[in-house]
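Q: Hi! Could you walk me through this protein in plain words? I'd like to look at it piece by piece.

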Amino acid sequence: MNAIFSINQLDLLFKNSSDAVFFMERVDDQYRYIYVNEAAIELINVNPTGKLLEQVVPSHLAKPIIQNYNLTIQNQKQMEYEDYTYDKMEVRKQRTTSIPIFINEKTYVLAITKEVSLGRDLEDKYLFMRSLHSSSFISTLLVSNDMHLLEANPTFIHEFNICMEDALTQKLFEMPFMDGKSVKHLKKYIKCVQNGESIQSQMLYFIDKNNERRCFTASFSSLTSNDATIAVIIMLHEITEFIKQQQALRTASHGLEMFKNAISSVADVIFTDVHGVITDINDRIIKNTGYSREEIIGNTHHIFNSGTHNKEFFENLWSTVKEGNVWRDEVCNRKKNGEIYWVDSTIVPLKNEFGEIEQYFTVQYNISSEKQLLSELYKIERIFRAITDNTNDFIVVTDRYGKIKYASPSYIRKLGYEENELIGAPYEDLLMPESIKVWKEALNPKEIDLVEELKIELLLHKKDNSPIWTEGNYTISLDLSHHEISEIVMVSREITERKELEDKLTYLAYHDSLTQLGNRRKLYKDFPLIQSEAKHADTSLAIFYLDGDNFKQVNDLYGHDVGDEFLIQFGNSLVKSVRQEDLVVRLGGDEFLIVFTGLSNFEIERTVQIEQIMNRIQENLEIGWRIRGVHFSPTVSIGISIYPQHSESLDELIDLADQALYQAKQSPEYQYCISDV
């Protein structure tokens, strides 16, 4: 393990990481914990260092983990898998990235586990709304952007016999409580709110659990996050009885009195004379304000004045109704005990047969619950904005063309830009060239999913051009009217240190730790591309299998430290003898292999090329090097096989070159031998 990195180095990288990190050594068919960070200990509730995985994790959980680790090692590449854990009635979704490491004949796995968001932000808002209205007589619905019922308060659930578990799988308009004639209007209202409009007091019908048609006035508002609508809140006032009695007015001889009685059952009703003096009220006024009838009759609306509205507000009210027009607005009133409450107030001038105003008829619906809900939702939005503005995460909103509409202060703090340099600029201006294609693919998806969060890794550059890696999720917002992207919201975090570690681990996996040359794994990884290029160029390859003559004596005479330095210098000499496009690898011990590219397909010409290569290798080895005052100029035996003349299989080519090497060692005349297959 010392050849890779120390515990201190691992702590420096991962100790304070919120992701759980496990560094495991494969022992036979099991895995032993070598290192875990604090997040990992918190995740599994124990420090497992030194123990086997099956000693720490229950067998039913350990089995899939081991299978994934084995698959990572078998494929010799980084892999990801997801799983779930359950703790105290809470479900957690986790994604694990596993990286294989092969060093000094040992096999390790570096596993990084992170918790994946389940959309808790939106769920928290639903729960808040449900808590606020759990005991309210007002029916409240929360509808998603794709027209699914996300939440209903207990009043609505009881009256319409809803099973929320079943409701989540159906479109809102397909549910049994929907009235066919109201579907078209409801769709229209929801889309208007999603597009930023405000919709208030619209009449809708629903079918209750007894299959009876009931009427409501509906008010709509948007639930937003980062200036984007994520759901629509519908608040319903039932006016079924009012509508029934209103219909009866058409055939009744005393329409005004019946109208008064109908409204009295669902709203506060006040009659005043032309001077605004109250002449009559219904019982709801007494119940809701705490005043007696005697205290109200003969007074004006000023008895309920809370002091919230200015003089111009009431001047506009009186100028409207005195002209014979209906006035409507939200009014803040005060009860006798000083408690504030809000009403949706409508004042209707009542005229005699000569067209003269005789009195004013006021109908008020208490909307305090709605006002409180909206106030709390605004508070939640401000809190979320405060969190957004102070987080270390990178949060950005762009338009459909990738131009920045909002960038969190972390872009300014960490990248060094000013806000005016970011807003309106293309996001790709912040990207290194290798990430621009990835970003453009995100802007132009083949399919658009309004719900799915997509993961993305991007390499940005700071204002001083230094690089910084980020990893995050982005969500696409759709303009429903044009069925095109309207915005992209992306939340990222810096992963520069992790990427550097991944690069280091990848390098270790494909390079010899002593000579820094490629190893056998790199040979098998790069050869298919070298082979493809040779086919395309119609050229040959030569596989040189090299074995030093009398290398063992160096270790015996001078010790292993000198022997190691000898191997390093030997590898450097080989690298000097080849071109940049040729591949030099150390197979192990004093055995090296070189893949020479671009050789002729004609044997005579190729033989000349091979002899020239041999001369360069021998000349550089003859020049030699000095180690601790001792000069070394070694000789080497070489076996050679040719692609594609001898074989197209790398394994067979290596085997043929190995056999030719054996023949070269047996011959006192030649230091190299070409396979005679």
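A: Happy to, and let's begin with strand β16. Phe394, Val396 and Thr398 point one way from β16, while Ile395, Val397 and Asp399 point the other way, and all are buried. Keep in mind that this is a predicted model.

Q: Is there a general reason for that back-and-forth pattern, and where do side chains go in a regular strand?

A: In a regular strand, side chains alternate between the two faces of the sheet.

Q: How many residues of β16 are buried?

A: Six of its six residues, so by the cut-off of under 20% relative accessible area, β16 (residues 394–399) is mostly covered.

Q: Which way does β16 pair with β20, parallel or antiparallel?

A: Antiparallel: β16 and β20 (residues 484–494) pair over six bridges. Within that pairing, Val396 stands opposite Met490 of β20.

Q: And how many bridges are there between β16 and β17?

A: Three, again in the antiparallel sense, with β17 covering residues 404–407. Here Thr398 has Ile404 of β17 as its bridge partner.

Q: What sits in the hairpin between β16 and β17?

A: There are four residues between the strands, and in this hairpin Gly402 takes a positive phi near 90°.

Q: Can we zoom out? How many helices and strands are in the protein?

A: The protein has 23 helices and 27 strands. It has 677 residues, and 45% of them count as buried.

Q: What about the surface, and how much of it belongs to carbon and sulfur atoms?

A: The accessible surface is about 36100 Å², and 48% of that belongs to carbon and sulfur atoms.

Q: What share of the contacts comes from residues 24 or more positions apart?

A: Among contacts with a separation of 6 or more, such residues account for 49%.

Q: New topic: helices. How do people describe two packed ones?

A: They give the angle between the axes and the distance between the axes.

Q: Okay, so at what angle do α20 and α21 cross?

A: At roughly 145°, with the axes of α20 (residues 551–558) and α21 (residues 560–577) coming within 7 Å. On the α20 side, the contact is made by Phe551, Val554, Asn555 and Tyr558. On the α21 side, the residues are His560, Val562, Gly563, Phe566, Leu567 and Phe570.

Q: What classes of residue make up that contact?

A: The contact of α20 with α21 has seven nonpolar residues, three polar ones and no charged ones.

Q: Speaking of charge, when can side chains of opposite charge pair?

A: They can pair when their charged atoms come close.

Q: How many salt bridges are found in the whole structure?

A: A search finds 31 of them. One of these is between Glu159 and Arg214, with the closest N and O atoms 2.7 Å apart. That pair links distant parts of the chain: Glu159 is in helix α6 (residues 154–160), Arg214 is in strand β9 (residues 213–225), and 55 residues separate them in sequence.

Q: Is Arg214 buried or exposed?

A: Arg214 is buried, because its relative accessible area is 12%. Glu159 counts as partly exposed, because its relative accessibility is 24%.

Q: Can you show me another pair?

A: Sure: Asp344 forms a salt bridge with Arg328, and their closest N and O atoms are 2.6 Å apart. Asp344 lies in strand β14 (residues 340–351) and Arg328 in strand β13 (residues 327–334), 16 residues apart. Asp344 counts as buried at 13% relative accessibility, whereas Arg328 is partly exposed at 44%.

Q: Last topic: Met79. Which strand is Met79 found in?

A: Met79 is in strand β3 (residues 79–87). With 21% relative accessibility, Met79 counts as partly exposed.

Q: So which residues is Met79 in contact with, leaving aside neighbours within four places in sequence?

A: Those are Leu71, Thr72, Thr96, Thr97 and Ser98. Also, Met79 and Ile99 are 20 residues apart in sequence, and their C-alpha atoms are 6.7 Å apart in space.

Q: One more strand, please: how many residues of β5 are buried?

A: Nine of its 11 residues are buried, and β5 covers residues 106–116. Six bridges join β5 to strand β1 (residues 20–27), and the two run antiparallel. In that pairing, Thr113 of β5 is the bridge partner of Ala20.

Notes: Residues are numbered from 1 along each chain as its sequence is written. This is a predicted model: local features need pLDDT of at least 70, side-chain atom pairs count only at pLDDT 80 or more; totals for chains, interfaces and linings use all residues. Side-chain values use heavy atoms; hydrogens and water are left out. Axes are lines fitted to C-alpha atoms, for helices over the stretch in contact, and angles run from 0 to 180 degrees between N-to-C directions. Contact means heavy atoms within 4.5 Å. Ala, Val, Leu, Ile, Met, Phe, Trp, Tyr, Cys and Pro count as nonpolar, Asp, Glu, Lys and Arg as charged, and the others, Gly among them, as polar. Buried means under 20% relative accessible area, exposed over 50%, partly exposed in between (1.4 Å probe, protein chains only). Accessible areas come from the Shrake-Rupley method with a 1.4 Å probe; for residues, only the protein chains shown count as cover. Two strands pair if DSSP finds at least two bridges between them. A salt bridge is a side-chain nitrogen of Lys or Arg within 4 Å of a carboxyl oxygen of Asp or Glu.
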